[in-house]
There are 2 protein chains.
Amino acid sequence: MTGTDAPQITFWYEFASTYSYLAAERIEALAEAANVQVRWRPFMLGPIFAAQGLNSSPFNIYPAKGKHMWRDMDRWAAKLGLPRVVRPEPFPQNALLAARVATGLPDEARPAFSRAVYRAEFADGRAISDKSTIEAILRAMGRDPAADLAVAASEPVKERLKAVTEEARHAGVFGAPTFICEDGEMFWGNDRLEDALAWAHHRGL
Amino acid sequence: MTGTDAPQITFWYEFASTYSYLAAERIEALAEAANVQVRWRPFMLGPIFAAQGLNSSPFNIYPAKGKHMWRDMDRWAAKLGLPRVVRPEPFPQNALLAARVATGLPDEARPAFSRAVYRAEFADGRAISDKSTIEAILRAMGRDPAADLAVAASEPVKERLKAVTEEARHAGVFGAPTFICEDGEMFWGNDRLEDALAWAHHRGL
């Protein structure tokens, strides 16, 4: 168990983001080994991209970059022992429903829910914007899907997701995943997770 | 020494690119340890960016991304024991002269020249578009700057750099650094160097 006086990092992730999926798969074991606590913070990348003048994923806007990303995902999945990566249609998926549900869940349920959403999306190729996909995930967790969806659709949760997204933008988040240490040090990308955990401890790599 | 029957990777780099600098500093020791031969291939990122609709570095077009990159460079430089990173003015630098000189040099002189250009640019903040900067580097290498600059300005070298840049674009290169294995497997980014070296040997990570 990670001690309650352990340093903390905030894990900012977006459900449509491929590299957030990899980070979600990796972060718990690595954080536990590093004795770092993780705050899971789903947010919406769309408004942040839009503020940068991007109307879609950079992986769609720049096809050569997108091609490399999908191949890189294949390699990472093989390396991590994950199922073969499936490109969901459309890509990126509309992640609003998943993000609202994750926001409304109790903190302790958020990691397992989030990982299940990513698996549904990138291993099974299911539409995460479909209520039935989210319901099945909640049910498999032993939760009450109708209750969780009602919370997700409530004004306070909608407002909280907007506020959290604005907090991310204000902190300088421009992509996902992003890791932010307690001193504000920011690391972008699944491949910076180890650096972020090292920084959380001794403010260096 | 790396054996002549060792697997090979091609190291595609652009002199204005910050992460290409880090790769240039790291690649020789890592490649030797992995028994992989490296072909150093400077190319021009400008035409490749332009073909993607980018009229400058993404680090300038997207300021939040640029801010993270410079901070990330600071952290990497500290980790690698490199001098403090200096942001050259303007950024990105015009790298045409350096790329032409590097293209015209004999293969065995290219790595040391390239590393010296990056140090001048990102450690000393010197303008690599200035002939005097390039001359000083060549002189310190014990070479004849006038002769090397004459070769760099010759039509065959100009044409070769154009052809090599077109070859990069055709291979799917969209940024720098990029590493390509003999089987065509492509890895983008300094942080994929270890993956590329592993792939060169056993076609997996």
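**View 1. Strands S1, S3 and S4 of chain A, side by side.** In this predicted model, strand S1 (residues 8-13) of chain A lines up with S3(A) in the antiparallel sense, and 4 bridges connect the pair. To find one matching spot, look for A:Ile9, which sits opposite A:Cys181 in S3(A). S3(A) also pairs with strand S4 (residues 186-188) of chain A, again in the antiparallel sense, this time over 3 bridges. Here A:Phe179 is the residue facing A:Phe187 of S4(A). And if you wonder what holds such strands together in general, strands of a sheet pair through backbone hydrogen bonds, either parallel or antiparallel.

**View 2. The two faces of S3 and the hairpin that follows.** Which way do the side chains of strand S3 (residues 178-181) of chain A point? A:Thr178 and A:Ile180 go one way, A:Phe179 and A:Cys181 go the other way, and all of them are buried. Now follow the chain into the hairpin of S3(A) and S4(A), where 4 residues lie between the strands. Keep an eye on A:Gly184 in this hairpin: its phi is positive, near 95°.

**View 3. The sheet of chain B and the helices packed on it.** Over in chain B, 4 strands make an open sheet with mixed pairing, and their order is S2-S1-S3-S4. At the edges you'll find strand S2 (37-42) and strand S4 (186-188) of chain B, each pairing on one side only. Going from one strand to the next, the twist averages 20°. Strand S3 (residues 178-181) of chain B runs antiparallel to S4(B), with 3 bridges joining them, and B:Thr178 faces B:Trp188 in S4(B). Helix H1 (residues 18-34) of chain B packs on this sheet and touches strand S1 (8-13), S2 and S3 of chain B. The direction of H1(B) makes about 165° with that of S1(B). Helix H6 (residues 110-122) of chain B packs on the sheet too, touching S1 and S2 of chain B, and its direction makes about 55° with that of S2(B).

**View 4. Helix H6 of chain A and what covers it.** How far apart should the ends of helix H6 (residues 110-122) of chain A be? At 1.5 Å a residue, its 13 residues should span 18 Å, and the end C-alpha atoms are indeed 18 Å apart, so the two agree. Plenty to look at along H6(A): its buried residues include A:Phe113, A:Val117, A:Tyr118 and A:Phe122. What covers the buried residues of H6(A)? Among the elements are S1, helix H1 (18-34), strand S2 (37-42) and helix H7 (131-140) of chain A.

**View 5. A:Arg84, out in a loop.** You'll find A:Arg84 in the loop between H4 and H5 of chain A. Is A:Arg84 buried or exposed? Its relative accessibility is 68%, so A:Arg84 counts as exposed. Leaving aside neighbours within four places in sequence, A:Arg84 still makes contact with A:Phe122 and A:Ala123. Look for A:Asp74 as well: it is 10 residues away from A:Arg84 along the chain, while their C-alpha atoms are separated by 6.7 Å.

**View 6. How the two chains relate.** Rotate chain A by 180°, with 0.0 Å of shift along the axis, and it superposes on chain B with an RMSD of 0.0 Å. That is the relation of a two-fold axis. Both copies use the same surface, since 100% of the contact residues of chain A recur in chain B. Which residue of chain A comes closest to the rotation axis? That would be A:Asp191, with its C-alpha at 3.7 Å.

**View 7. A salt bridge from chain to chain.** The side chains of A:Asp72 and B:Arg192 meet in a salt bridge, 2.8 Å from N to O. A:Asp72 belongs to helix H4 of chain A and B:Arg192 to the loop between S4 and helix H10 (193-202) of chain B, so this pair joins two chains. A:Asp72 has 0% relative accessibility and therefore counts as buried. B:Arg192, at 4%, counts as buried too.

**View 8. Two salt bridges within chain B.** B:Asp107 and B:Arg110 form a salt bridge, with their closest N and O atoms 3.0 Å apart. B:Asp107 counts as exposed at 53% relative accessibility, whereas B:Arg110 counts as buried at 5%. In the other pair, B:Lys162 and B:Glu159, the closest N and O atoms are 3.6 Å apart. These two are 3 residues apart in helix H9 (residues 155-171) of chain B, so about one helical turn separates them.

Conventions: Residues numbered from 1 in each chain as written. Chains lettered and ligands numbered in written order. Predicted model: local features only at pLDDT ≥ 70, side-chain atom pairs only at ≥ 80, totals over all residues. Heavy atoms only, no water. Least-squares fit on C-alpha atoms with pLDDT ≥ 70 in both. Contact = heavy atoms within 4.5 Å. Buried < 20%, exposed > 50% of the residue type's maximum accessible area, 1.4 Å probe, protein only. Pairing = 2+ DSSP bridges. Expected span 1.5 Å × (residues − 1). Axes fitted to C-alpha atoms, helices over the stretch in contact; angles between N-to-C directions. Salt bridge = Lys/Arg side-chain N within 4 Å of Asp/Glu carboxyl O.
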